[in-house]
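Colleague: Please take me through the empty space inside this protein, one question at a time.

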Amino acid sequence: MRRYRIVHTTGFKYQSDVNASYNEIRMLPIQDDYQLVFNSRLDIKPHGTSQEFEDYFGSRVVSFEVLEQHSELVITATNVVELRPRNQTANDCSWQTLAEQIQRSVMLTDAVTNSKRTMPPVELAKFARKQADTMTPSDAAMSICKFIFEKMTYLSGETGVHSIATEAWSKKSGVCQDFTHLALGALRSVGIPARYVSGYLHPQPDPIVGKTVVGESHAWIEWFCGTWIGFDPTNDVPAQERHVVVARGRDYDDVPPLRGVFNGYGQSELFVSVEITREA
């Protein structure tokens, strides 16, 4: 088991004072059998009226409004989370069994439907179909993720927050969001339900207890083959004791850490910083 303290600060700097802003946050980790949340604290400046709820995908969401004039909005989420080893053994069900399970579940049907973000490029879809024709769903999913890892290069600045899978594939480069969208699209194209997972990744495989490092928000996938299996296509590793789950969805549009609108003039600039400390 590993315990992490994560301090995530983000917000907007406005070009000029705004009269009000309305925002939605997904920065608080979920709790399940493998992830124990010891403490979550959210500080919002300026202070506003807020409420927390759980969305359709089980993510914790805080919506809030600031109704006073302000030139900057700062949100700091401080979370202490203990991660336990996840069961990553797939049931390895057959394609027929998987198709029958999808028909009985609205959530699985959502997870097998591609969006504009995740629609796979032709080359990748053809490769995925070839794997599906000769492998079990679980083996095909792993092979597809490894193929994306081999073909893509992690490179920031090549794509943007609004990029789609086909754009990243044409460049053969991108960030974790792009790797995740490509994997989702390819798996869904052959009938494997998959969902987008956002959260945090400790950058070091064996982090030193008590040492604080610079981190960042991260994205990976979970595919369904009788059970949900987490895998990080950006790093070609299972999602285990370095991956802290915050939100799940169909693609990035369901999980951004912060989104909002404001009443005012000019542009807004997003800023982000993440610090992660292994505590145990």
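**The lining of the cavity**

Colleague: Which element gives the most to the lining of the largest cavity?

Modeller: A cavity is a set of points, on a 1 Å grid over the protein atoms alone, where a 1.4 Å probe fits but cannot get out, and lining residues have an atom within 4 Å of a point. Helices (H or I, at least four residues) and strands (E, at least two) are DSSP runs, numbered from the N terminus. With three residues, the element that gives the most to this lining is H2.

Colleague: How far should I trust the model, and how are residues numbered?

Modeller: This is a predicted model, in which local features need pLDDT of at least 70 and side-chain atom pairs count only at pLDDT 80 or more, while totals for chains, interfaces and linings use all residues. Side-chain values use heavy atoms, without hydrogens and water, and residues are numbered along each chain as its sequence is written, from 1.

Colleague: Which elements each supply at least two residues of the lining?

Modeller: The residues that line the largest cavity include Met-107, Asp-110 and Ala-111, as well as Ala-194, Arg-195, Arg-248 and Gly-249. The elements that each supply at least two residues are helix H2 (106–111), strand E9 (194–201) and strand E14 (243–249).

Colleague: How much space lies in the largest cavity?

Modeller: The structure holds one cavity of 30 Å³ or more. Grid points are joined across faces, edges and corners, and a volume is the space filled by probe spheres set on the points. For the largest cavity, this space is about 100 Å³.

Terms used: 1 Å grid on protein atoms, 1.4 Å probe; cavity = no way out; pocket = protein on both sides within 12 Å on 5 of 7 lines; lining within 4 Å.
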